[in-house]
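Here are some exercises to work through with the model open beside you. Try each task on your own before you read its solution.

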Amino acid sequence: MIRVRGLNKWFGEHHVLHDVDLDVARGEVVVVIGPSGSGKSTLCRCLNRLEAADSGEILVDGEPVPAEGRALARLRADVGMVFQSFNLFQHKTVLENVMLAPMKVRGVSRAEAERTAHELLARVGIAEQAGKQPARLSGGQQQRAAIARALAMRPKVMLFDEPTSALDPEMVGEVLDVMTGLAADGMTMVVVTHEMGFARRAADRVVFMDGGRIVETGEPNAFFDSPRTDRARDFLAKVLTH
Amino acid sequence: MSALLDHLPEFWQGLVVTLQMTAASFAGAAAVGLVIVAMRVGPVPVLRAVATVYVETLQNLPLLVLLVLAVFGLPEIGLKAGLTTTAVVVIALYEGAYIAEALRSGVNAISAGQGEAARALGLTFGQSLRHVVLPQALRTVVQPIGNIFIALTMNTSLAAAVGVVELTAAANRVNLLEAQPIPIFVGAGLAYAAIAACAGFVTGRLERRLAVAR
C-alpha cells in the first residue's frame, strides 16, 4: 500500500531523514516510535507530501505521490491524516467539519454527507456533540472528531501523527480505543506515537527510528521483549521503566 | 446655518455621489483584495511576486497622484471613461492593496494546521483558502477592514480635486456662493462622521456575531 525507498529530507543543514525505506502492506498497522527529533513525524508528513522530500520515492497504492496540484489533492483525499493538534476547522461545527471534504472533494450531496457524518460521529462515540463548535469539546472529543473527519473520505490509509501527545492522560484511552477499533476493522494505518501499550497491542509491526534512520523494525512482542539493537534497548529502558 | 439649509439639495446630491462612490469602490476594493491576497499567500512564485509588487506600488503612492494620473493620463493613451467611474476604479485599486494586506495579516493569524488539515483531506489550495482559511482570516480582521472602509469613505473626497462633484466639492461650491466656510464644512464633516459612525456600528456588530471560539 505504501512503499518508501531512499527517502532523504533536510531542514536547512539538518538531515532529518536518512535513506529511509518503509513498506506498509494493505491492512497492516505500522507503529513508528522513537525519541523526539528522530524524524518520525517528518516521515509521516512526507507520506502525503505535507513535507516535500528532497530525494527518494514514495508510492501510495502503486502510484508515485504527485509533486503538486490537483493530482496531489486527489492522492491526499485517499490518505487520511490525524494531527497532534487536531486541527479541526474552528469556524465550523463538528458535523460541518466532517461534511466539508466529502462534499467539496468527492461531490457527495449534502444529505448523504450529513448522514455519513452522523454515522461516523456515532462510531467514534461523540454523536451528541455534532452541533457544537470544536473549541467547546474536550481534547479527546476533538481528536475523535478529527478521526471521523478523516474517515469521512473513506481513505485507503490513515496516518496518525502523535494523535495523543496533546491530550490529558485521562483522554488518551478514548482516542486509542477508537484507533484500536479501526485497526481491528482492517484499516491500513501508520501511527507515530509514544504510546508503547498501543504499539504492543495494536501494531502488526513496530518501526523504531533514531537520528533520521530506521534503526530496527519488527513484530511488537519480539521488539519490546528482546530488541536487537543497543539503541532500541536503551530507548525502551528509558520509556518502559516508569 | 441658513447657508447650509438653503442649499440642502446640493448637499444631498453631493452626499448621494459620495455614498455611491464609497459603495462601488469598496465592493471593487474587496474583490481586488481577495484576488491579491490569494495570489500572495499562494504557492505560485510568479503570482506571489506580482501581488507583492502590486501592494507595494499602490501603498507607496499618494491616492491623489494616482487620481490625477488616471484622469489626465488615461485619455492620452486612448482610455476614456467618466470622471466618477475613473475615480471609483482608482480608489478601488488603491484601497484593494490595503484590504489585501489586512486579509494577509488575518491569514497569518490562522494556525498553519488549519490549511494543512484542509489540504490533507484533499481540498485543493484554492478550496482550502476559500472554505477554511479565508473565512477564519476574515473574522479576525473585521475591525481593520472597517477602518479601511472609513478611510476609503474619506478618500472619496479626493475625487473633488479631479472634478467629481461629491460631498466635499458640493460643499466647496456652496461656500463659493455663501462664503460661510464654518457652517458649510462643519455640516459636510458631520455627514462624513455619520457614515463613519454607521461603519463602526456595523463592524462592531459583525465582530461579535462572527466571533469564533478557540
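**Exercise 1. The nonpolar cores**

Find which residues have the most contacts inside the largest nonpolar core, and how many residues this core has.

*Solution.*
Step 1. Keep in mind that you are looking at a predicted model. Its largest nonpolar core has 72 residues.
Step 2. The residues with the most contacts inside this core are Ile2(A), Leu7(A), Ile58(A), Leu159(A) and Met21(B).
Step 3. Now look for the element that gives the most to this core: helix α5 of chain B, residues 83–109, which supplies 10 residues.
Step 4. Pick Ile2(A) and list what it touches, skipping residues up to four places away in sequence. You should arrive at Leu22(A), Asp23(A), Val24(A), Leu47(A), Leu59(A), Val60(A), Val157(A), Leu159(A) and Val190(A).
Step 5. Another core, of 52 residues, lies apart from the largest one, and its members include Met99(A), Ala117(A), Val191(A) and Phe223(A).
As a general background, nonpolar side chains in soluble globular proteins tend to be buried together.

**Exercise 2. A helix and its arginine**

Work out how many residues of helix α1 of chain A are buried, and which ones they are.

*Solution.*
Step 1. Helix α1(A) spans residues 40–47, and seven of its eight residues are buried.
Step 2. By name, these are Lys40(A), Thr42(A), Leu43(A), Cys44(A), Arg45(A), Cys46(A) and Leu47(A).
Step 3. Move past the end of the helix: α1(A) is followed by Arg49(A), which has a positive phi, near 60°.
Step 4. Return to Arg45(A) and look for a carboxylate partner in chain A. Arg45(A) forms a salt bridge with Glu51(A), with the closest N and O atoms 3.2 Å apart. Both Arg45(A) and Glu51(A) are buried.
Step 5. Arg45(A) also forms a salt bridge with Glu116(B), where the closest N and O atoms are 2.7 Å apart.

**Exercise 3. Where the chains meet**

Describe the interface of chain B and chain A: how many residues are in contact, and what is the buried area?

*Solution.*
Step 1. On the chain B side 20 residues are in contact with 26 residues of chain A.
Step 2. About 2000 Å² is buried between the two chains, and carbon and sulfur atoms give 63% of that area.
Step 3. Turn to the polar links. The interface holds one salt bridge, and seven residue pairs are in polar contact across it.
Step 4. Ask which elements of chain B give two or more residues to the side that touches chain A: they are α6 (112–120) and α7 (125–140). Of the elements, α6(B) gives the most, with seven residues.
Step 5. Sort this side of chain B by class, and you get nine nonpolar, seven polar and four charged residues.

**Exercise 4. Chain B and one of its threonines**

Is Thr156(B) buried or exposed, and which residues is it in contact with?

*Solution.*
Step 1. Set the scene: chain B has 10 helices and zero strands. Buried residues make up 44% of its 214 residues.
Step 2. Locate Thr156(B) in the loop between α8 (142–155) and α9 (167–178) of chain B.
Step 3. The cut-off for buried is under 20% relative accessible area. Thr156(B) counts as buried because its relative accessibility is 0%.
Step 4. Leaving aside neighbours within four places in sequence, Thr156(B) is in contact with Thr18(B), Met21(B), Thr22(B), Ile91(B) and Glu166(B).

**Exercise 5. Two salt bridges to compare**

Find where the partners lie in the pairs Asp225(A) with Arg200(A) and Glu101(B) with Arg104(B).

*Solution.*
Step 1. In the salt bridge of Asp225(A) with Arg200(A), the closest N and O atoms are 3.0 Å apart. This pair links distant parts of the chain, with Asp225(A) in helix α8 and Arg200(A) in helix α7 of chain A, 25 residues apart.
Step 2. Check accessibility: Asp225(A) is exposed at 53%, while Arg200(A) is partly exposed at 35%.
Step 3. Glu101(B) forms a salt bridge with Arg104(B), with the closest N and O atoms 3.1 Å apart. Both lie in helix α5 of chain B, three residues apart, about one turn of the helix.
Step 4. Arg104(B) is partly exposed, with a relative accessible area of 26%.

Methods
Residues are numbered from 1 along each chain as its sequence is written. Chains are lettered from A and ligands numbered from 1 in the order in which they are written. This is a predicted model: local features need pLDDT of at least 70, side-chain atom pairs count only at pLDDT 80 or more; totals for chains, interfaces and linings use all residues. Side-chain values use heavy atoms; hydrogens and water are left out. Buried means under 20% relative accessible area, exposed over 50%, partly exposed in between (1.4 Å probe, protein chains only). Helices (H or I, at least four residues) and strands (E, at least two) are DSSP runs, numbered from the N terminus. Contact means heavy atoms within 4.5 Å. Buried area is the accessible area (1.4 Å probe) that two parts lose on being put together, summed over both. A salt bridge is a side-chain nitrogen of Lys or Arg within 4 Å of a carboxyl oxygen of Asp or Glu. A polar contact is a pair of N or O atoms within 3.5 Å; within protein, one must be able to donate a hydrogen and the other to accept it, and residues adjacent in sequence count only if both atoms are side-chain atoms. Ala, Val, Leu, Ile, Met, Phe, Trp, Tyr, Cys and Pro count as nonpolar, Asp, Glu, Lys and Arg as charged, and the others, Gly among them, as polar. A nonpolar core is a set of buried Ala, Val, Leu, Ile, Met, Phe, Trp, Tyr and Cys residues joined through side-chain atoms within 4.5 Å.
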